[in-house]
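Good morning, everyone, and thank you for making time. Please have a look at the structure on the screen, and then I will take you through one helix and the cysteines around it.

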Amino acid sequence: MAQYGILFDVTRCIGCYACVDICKKEHGLPLQREKDLSAISYTVVQKRNDRNVRKLCMHCKTPTCVSVCPVGALEK
């Protein structure tokens with residue numbers, strides 16, 4: 001059985017929240033932005049030392065957040 005992961009390039013992320021918004025839309029979650037992962041937020045972007053760091057649930061086989069990133073910071 002193949003195992004997959006999502007690579008995130010912190011140097012490319014511009015903090016546009018497109019990944020957060022599409023994840024919430026795809027899963028029917030409230031559109032409010034949370035600061036950490038929760039039952040209503042599977043993807044979050046946090047600011048750390050002038051970088052945007054993305055935390056995500058990693059449960060989707062075909063994550064829409066990867067395809068929506070405008071700078072290609074995500075790869076499955």
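Before anything else, a word on vocabulary: a residue is called buried when its relative accessible area is under 20%. Cys19, with a relative accessible area of 9%, is therefore buried, and I should add that what we are looking at is a predicted model.

Cys19 belongs to helix α1, which covers residues 18-27, and the buried residues of this helix are Ala18, Cys19, Val20, Cys23 and Lys24. What do the buried residues of α1 pack against? Their partners are the strands β2 (43-48), β3 (51-56) and β4 (74-75), together with helix α2 (64-68). If we take Val20 and leave aside its neighbours within four places in sequence, we find Val20 in contact with Thr43, Val44 and Val45. Just after the helix ends, Gly28 takes a positive phi of about 65°.

Let me turn to the core. In soluble globular proteins, nonpolar side chains tend to be buried together. Here the largest nonpolar core has eleven residues, among them Cys13, Cys19, Val20, Val45 and Cys65, and α1 and α2 each supply at least two residues of this core.

With several cysteines in that list, how many disulfides does a search of the whole structure find? The search finds zero. For Cys13, the nearest cysteine sulfur is that of Cys19, 6.3 Å away, and for Cys19 the nearest is that of Cys65, also at 6.3 Å. Since a disulfide needs the two sulfur atoms within 2.5 Å, neither Cys13 nor Cys19 is in one.

Notes
Residues are numbered from 1 along each chain as its sequence is written. This is a predicted model: local features need pLDDT of at least 70, side-chain atom pairs count only at pLDDT 80 or more; totals for chains, interfaces and linings use all residues. Side-chain values use heavy atoms; hydrogens and water are left out. Buried means under 20% relative accessible area, exposed over 50%, partly exposed in between (1.4 Å probe, protein chains only). Helices (H or I, at least four residues) and strands (E, at least two) are DSSP runs, numbered from the N terminus. Contact means heavy atoms within 4.5 Å. A nonpolar core is a set of buried Ala, Val, Leu, Ile, Met, Phe, Trp, Tyr and Cys residues joined through side-chain atoms within 4.5 Å.
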